[in-house]
Amino acid sequence: MARSADASLFPMETWRKGLMASAQRVTPAQLAHEDPLGWYPLREQIARYLGAARGIACDAGQVVVLTGIRDGLDLSARLLLTPQDKVLVEDPGYLNAEPLFSQYTRRIVPIAIDEHGFSVARARRQRGARLAHVTPAHQSPTGVTMPVSRRLELLDWAAQTGCWILDDDYDSEFSYDGAPLAALKSLDGADRVLHFGSFNKTLFNALRIGYAVVPRSLAPAFARALYVTGRSCSVIEQMTLAAFLEDGGFARHVRKARSVYAGRRDRVMAMLRETVGAAPLRVSGEQTGFHLVWWPPSGFDVAALLVRARERGVGIQPVADFCRRVSWPDGVVIGYSARQDADLDRLEALLREAARR
């Protein structure tokens with residue numbers, strides 16, 4: 001998967017030693033009893049990390065350990081929705097949002113984004129919205145970063161209407177051209193935001209440990225839901241991750257991966273400049289994350305490019321795949337974070353051929 005963490009960069013030997021240390025240190029009592037919200041020392045480390053990296057003032061009592069962001073969205077919908085409730089989602093937007101929420105309500109309303117991301121003006125036209133799923137740090141898929149003014153407008157609307165905001169912060173650790181804006185939750189004076197992140201995105205997909213920061217009033221309900229559903233992560237892996245965060249291993253890995261991903265991003269940008277020639281290069285979302293969107297110049301045969309990409313196993317996607325009701329100009333989502341040199345070579349050959357045609 002080109003739009004995911006590159007597992008080959010992960011310090012597996014360090015992790016293996018950490019797992020062994022955790023297995024030797026864990027007690028029978030810890031193995032027999034699990035806190036539904038997650039291993040407390042890990043929740044403490046996550047709270048410290050989010051305070052330093054994302055500007056979120058929280059404590060372990062507000063942190064919930066999950067198997068990933070989808071787990072958090074599903075639990076939120078389970079707890080907060082009735083079949084009569086309305087959910088607002090971005091359009092174009094995250095492909096898994098609608099299938100998750102549709103388990104709990106049929107009233108899912110796509111909100112067309114604009115140049116600043118989720119449109120609060122369009123959301124105001126929807127009466128009785130209970131949840132809104134947003135990706136303000138790096139809009140999925142366009143990569144737009146929501147400015148502070150729009151974030152404040154969104155939070156003011158949520159406070160006025162009583163809507164819960166689900167902030168899907170899926171890849172903001174990887175910012176290449178400067179520090180990312182503080183998370184939406186850091187501005188949340190009315191406590192309407194649930195913030196979701198994932199170590200599956202920063203470390204490796206198969207880890208299956210993510211987290212949420214929830215309003216303190218919702219923490220008991222999350223604990224009950226986690227207990228009832230039986231969802232939990234291995235305590236030994238949680239212990240290992242807590243130590244990895246505490247001793248600086250996580251920060252070192254993110255710095256290394258950020259450098260590698262930035263180099264791959266730069267190579268893709270160079271390919272695209274060569275492809276468009278004298279025409280202006282139009283991209284979005286290149287400042288952060290695992291992917292960017294290329295908006296080809298007028299007359300470029302995007303459909304033929306996508307066909308050849310599928311034939312050759314070069315993973316790129318049209319923006320149209322992420323649209324529900326809106327119709328957008330032809331754009332191409334190009335993931336680069338997990339592309340090895342050989343994958344980048346194939347992408348480059350594909351783009352050069354497309355340029356010649």
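In this predicted model, about 3000 Å² of area is buried between domain 1 and domain 2, and carbon and sulfur atoms account for 58% of that area. On the side of domain 1, the residues that lose the most area to domain 2 are Leu9, Phe174 and Tyr176, which together make up 26% of what that side buries. The two domains are those of the domain assignment of the protein chain, in which domain 1 covers 9-250 and domain 2 covers 252-355. Their C-alpha centres are separated by 27 Å, and the contact between them involves 36 residues of domain 1 and 30 residues of domain 2.

Polar and charged interactions also occur across this interface. Between domain 1 and domain 2, 27 residue pairs are in polar contact, counting pairs in which both residues have pLDDT of 80 or more. The elements that contribute two or more residues to the side of domain 1 that touches domain 2 are strand 2 (86-91), helix 5 (97-101), strand 3 (107-112), helix 8 (199-202) and helix 11 (249-276). Of these, strand 2 gives the most, with three residues. When the residues of this side of domain 1 are divided by character, 18 are nonpolar, ten are polar and eight are charged.

Two salt bridges are found across the interface of domain 1 and domain 2. A salt bridge is also formed by aspartate 177 and arginine 265, whose closest N and O atoms are 3.3 Å apart. In the structure as a whole, the number of salt bridges is 21. Among them is the pair of arginine 264 and aspartate 6, whose side chains meet with an N to O distance of 2.8 Å. Because arginine 264 lies in helix 11, whereas aspartate 6 belongs to the segment before helix 1 (12-25), this pair ties together parts of the chain that are 258 residues apart in sequence.

With regard to overall architecture, the protein chain contains 13 helices and eleven strands. The C-alpha trace of the protein chain spans about 65 × 55 × 35 Å along its principal axes. For 357 residues, a compact globule would be expected to have a radius of gyration near 21 Å, and the value of 21 Å computed for the protein chain therefore agrees with that expectation.

Methods: Residues are numbered from 1 along each chain as its sequence is written. This is a predicted model: local features need pLDDT of at least 70, side-chain atom pairs count only at pLDDT 80 or more; totals for chains, interfaces and linings use all residues. Side-chain values use heavy atoms; hydrogens and water are left out. Domain bounds come from an automatic or database domain assignment. Contact means heavy atoms within 4.5 Å. Buried area is the accessible area (1.4 Å probe) that two parts lose on being put together, summed over both. A salt bridge is a side-chain nitrogen of Lys or Arg within 4 Å of a carboxyl oxygen of Asp or Glu. A polar contact is a pair of N or O atoms within 3.5 Å; within protein, one must be able to donate a hydrogen and the other to accept it, and residues adjacent in sequence count only if both atoms are side-chain atoms. Helices (H or I, at least four residues) and strands (E, at least two) are DSSP runs, numbered from the N terminus. Ala, Val, Leu, Ile, Met, Phe, Trp, Tyr, Cys and Pro count as nonpolar, Asp, Glu, Lys and Arg as charged, and the others, Gly among them, as polar. The radius of gyration is taken over C-alpha atoms; the globule rule is 2.2 Å times the number of residues to the power 0.38.
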